[in-house]
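Let's take a walk through a protein together. Have a look at the picture first, turn it around a bit, and then we'll start at one spot and work outwards.

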Amino acid sequence: MRSKSLFSLFAALVIFSFAQLASAETCTAGSEMDAATKSSIESAARQMFAQMQQGDVFGLKQNSIPALASNFGSIEQTIISNKPRYAAVSMTVRNDYALDAPGTAPIPRAEFLCGVWGQPDFTTFVIPNLPPGKYAVVVSDLAGQSPSTLSLILQQQGAGWKLAGYYPQPAPVGGKDGNALLQQARTYKSQGQAHNAWFYYLMAWERIAPLQFMYNKTLEATRQEISAAQPADLPTAEKPAEFSADGKTYKITTLAPFADKEDVDLVLKYQTADISNTMQVDKDNRALVNAFLARYPEYKSAFNAIVARAVAPNGQDFGTLISLKDESGTARK
């Protein structure tokens, strides 16, 4: 699950109002670019996508900036796993932007204002610790059986462009794209199911926002809606939630949705001293989930299963998957 840093609209407006005074960074939107620059950027992005379709991770690594190529493992795995999905889709550039970050040292907070202030397509990028250089952001729609968005960051190296960032959107969940998941979240919210609403908001956001550091009027409105829906009682690793079940007290550190094509599971992690006795840990996992569902039955309507994972101090864990549906696919009583 990607990072969920939700910024307020007020903060974004402050950025918009003062960035031009405080920053020398510039942005040229696609509609303002000269034809040669636009063509070179889009041609480079299409070539990179063709390499992704072919699963040519070696060629793509060779076509990346050194900083990215030296840490290419996670990108390589994602490209390989997405190859079947990408092979059956076509790429259409939705928006592209040319960013100029001048200077000789990394910019602590690079801010780029793109387009005409006040217009619906006015867009801002806020990128921390950005090395100086000329960059391009290419946001593309991937049309096919599982439509999604792919965003690429390119950096100019000599006369050409190299890959500097790779941001694929997750596939739809059970045929639902970001907008459908957003509507589902709103439905859960209207029904008073705050936790279900929150988790579906998160899945929707991953499939709506092309980039976490991209801001425009539409994205800000969605950010605000999601931020306002966050429950106050969700556990974190820093502040676990204590929960009693079967005579034991469990410290829950994580509750997070996990989408796998057609199904959405809820991952529940808790702290434990030892996982060597897996039979006992499995029993504990099931007891915790049963007690958890007794208190929060709403989860049965939103998730296919709960995966309880007991996590030892060394980080090793043991998980148990408990289905929340009967053979007909309906929620268990």
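Our starting point is Leu234, which sits in the loop between helix H8 (217-228) and strand E9 (241-245). Keep in mind that you're looking at a predicted model. Who does Leu234 touch, once we ignore its neighbours within four places in sequence? The contacts are His195, Trp198 and Phe199. Now try finding Ser276: it comes 42 residues away from Leu234 along the chain, and the C-alpha atoms of the two are separated by 28 Å.

Compare that with another pair. Asn216 and Phe122 are 94 residues apart in sequence, yet C-alpha to C-alpha they are 6.1 Å apart in space. Asn216 belongs to the loop between strand E8 (214-215) and H8. Setting aside neighbours within four places in sequence, Asn216 is in contact with Phe122 and Thr123. Is Asn216 buried or exposed? Its relative accessibility is 14%, so it counts as buried, the cut-off for that being under 20%.

Thr123 brings us to strand E4, which covers residues 123-130. Asn129 is in this strand too, and there's something to notice about its backbone. Most residues other than glycine have a negative phi. Asn129 isn't a glycine, but its phi is positive, near 50°. It counts as exposed because its relative accessibility is 55%, and exposed means over 50%. Asp246 tells a similar kind of story: it's not a glycine, and its phi is positive at about 55°. You'll find Asp246 in the loop between E9 and strand E10 (248-260). With 58% relative accessibility, Asp246 counts as exposed.

Time to go inside. The largest nonpolar core has 63 residues, and the members that touch the most others are Leu99, Phe112 and Phe125. Helix H7 (residues 194-208) gives this core its largest share, 10 residues. Zoom in on Phe112 and, residues up to four places away in sequence not counted, you'll see that it touches a whole list of others, including Leu99, Phe125, Ile127 and Leu130. Its contacts aren't just with nonpolar-core types of residue, either: Glu25, Thr26 and Asp100 are among them. Apart from this core lies another one, of 28 residues, among them Met48, Ile75, Leu150 and Trp161.

Now zoom out to the whole protein. There are 10 helices and 13 strands to trace, and the C-alpha atoms fill a box of roughly 70 × 45 × 40 Å along the principal axes. Why can we call the overall size what you'd expect of a compact globule? For 333 residues, such a globule would have a radius of gyration near 20 Å, and the protein has 22 Å, which agrees.

How much of the chain is tucked away? Of the 333 residues, 46% count as buried. Looking at contacts with a separation of 6 or more, 62% of them come from residues 24 or more positions apart. On the outside, the protein exposes about 16,600 Å², and carbon and sulfur atoms supply 52% of that. As for charges, there are 30 positive and 30 negative ones, and their mean positions are 3 Å apart.

Technical notes: Residues numbered from 1 in each chain as written. Predicted model: local features only at pLDDT ≥ 70, side-chain atom pairs only at ≥ 80, totals over all residues. Heavy atoms only, no water. Helix = DSSP H or I, 4+ residues; strand = E, 2+ residues; numbered from the N terminus. Rg over C-alpha atoms; globule rule 2.2 N^0.38 Å. Buried < 20%, exposed > 50% of the residue type's maximum accessible area, 1.4 Å probe, protein only. Contact = heavy atoms within 4.5 Å. Areas by Shrake-Rupley, 256 points an atom, 1.4 Å probe, with all protein chains shown as cover. Lys, Arg positive; Asp, Glu negative; His and termini not counted. Charge placed at Lys NZ, Arg CZ, Asp CG, Glu CD. Core = buried A, V, L, I, M, F, W, Y, C linked by side-chain atoms within 4.5 Å.
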